[in-house]
Each structure stands twice: as structure tokens, then as C-alpha cells.
Amino acid sequence: MPYCHTAFQNVPPDQVEEILSTLTKEQFIGGRAAYILDDGSYSIDAGQNDIRAIYYAEESTIKFFCRYEREIAFYDKKLKFFAENHSIHTTL
């Protein structure tokens, strides 16, 4: 799975699930909450499995990866829009 260009920076570990659940509710139809999977990644797209998030504690960063490379630009737009509305620092 290819990584999106957008990552959320400076995210404290205790805020990861809250941020990702808010993203899920606001950006994905039918989304209620993000939840952690057995591999440590988070399901964030209401069960579609087209995008997932993973938290890198050593970097305090949430990175996102897509099932299909052709969808990276679509998801990058959603992530940037969400980050701007919630004052979350991002990198490209």
C-alpha cells in the first residue's frame, strides 16, 4: 500500500484515537470512530479499507496509506482539509 503525501505532525499519543475518530466522522460517510487493527494500524474509512492510518510514536506522526496509488491525491485533499480545519500541523 502506498503512503499518502500528507502526514499529521506533533500528535501526542493520547490524542491519536480522538483525532482519527473525528476524521472518520467528518470525512467518511457512515463513519463513527476509528479503531485499531491487529497490525497496529487504524481503520478510518468506515470499513472500506481503502485508506488506513498508522501512528509513529518516535516521530509523533500519523501517516496514511492507501490501497490504490491512484487514490492518493483524493485522500490527500481530505487530509489537508481536515488538518486545516482542526489546526493540525502537516507535512508533505
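1. pLDDT is the predictor's confidence in each residue, on a scale from 0 to 100. That is a handy place to start, since this is a predicted model. The protein chain averages a pLDDT of 94, and 99% of the residues score at least 70. Broken down by element, the highest mean belongs to β5, at 97, and the lowest to strand β6 (residues 90–91), at 90.

2. Now to the sheet. Six strands make up an open sheet with antiparallel pairing, in the order β2-β3-β4-β5-β1-β6. β2 (35–36) and β6 stand at the edges with a single partner strand each, so one side of each has no neighbour in the sheet.

3. At the β6 end, strand β1 (residues 3–8) runs antiparallel to β6, and 2 bridges join them. Ala 7 has Thr 91 of β6 as its bridge partner.

4. Two helices pack on this sheet, so let me take them in turn. Helix α1 (residues 16–27) touches β1, β3, β4 and β5, and its direction makes about 40° with that of β5. Helix α2 (residues 72–85) touches β1, β4, β5 and β6, and its direction makes about 5° with that of β1.

5. How do the helices sit relative to each other? In general, a packed pair is described by the angle between the axes and the distance between them. Here the axes of α1 and α2 come within 11 Å and cross at roughly 115°. An angle of 65 to 115 degrees counts as roughly perpendicular, and α1 and α2 are therefore described that way. Their crossing is right-handed.

6. If you would like to look at that helix contact residue by residue, α1 contributes Ile 19, Thr 22, Leu 23, Glu 26 and Gln 27. On the α2 side they meet Lys 78, Leu 79, Phe 81 and Phe 82.

7. Strand β4 (residues 51–56) deserves a visit of its own. Is β4 mostly covered or mostly open? It is mostly covered, with 5 of its 6 residues buried. On one side, β4 runs antiparallel to strand β3 (residues 42–43), and 2 bridges join the two; Tyr 42 is bridged to Ala 53 in β4. β4 also pairs with strand β5 (residues 61–66) in the antiparallel sense, over 6 bridges. In that pairing, Tyr 55 has Ile 62 of β5 as its bridge partner.

8. β4 and β5 form a hairpin with 4 residues between them. Ser 60 lies in this loop and has a positive phi of about 55°, although it is not a glycine. For context, most residues other than glycine have a negative phi. Ser 60 has a relative accessible area of 24%, which makes it partly exposed.

9. Asn 10 is another residue to check for its backbone. Where does Asn 10 lie? You will find it in the loop between β1 and α1. Phi of Asn 10 is near 55°, again a positive value in a residue other than glycine. Its relative accessibility is 58%, and exposed means over 50%, so Asn 10 counts as exposed.

10. One last stop is Glu 17, which is found in helix α1. Is Glu 17 buried or partly exposed? With a relative accessible area of 43%, Glu 17 is partly exposed. Its C-alpha atom is separated by 20 Å from that of Thr 91, and these two residues are 74 apart along the chain. You have met Thr 91 already, as the bridge partner of Ala 7.

Terms used: Residues numbered from 1 in each chain as written. Predicted model: local features only at pLDDT ≥ 70, side-chain atom pairs only at ≥ 80, totals over all residues. Heavy atoms only, no water. Buried < 20%, exposed > 50% of the residue type's maximum accessible area, 1.4 Å probe, protein only. Pairing = 2+ DSSP bridges. Contact = heavy atoms within 4.5 Å. Axes fitted to C-alpha atoms, helices over the stretch in contact; angles between N-to-C directions. Parallel < 35°, antiparallel > 145°, perpendicular 65-115°, else oblique. Left-handed = near helix turned anticlockwise from the far one by under 90°.
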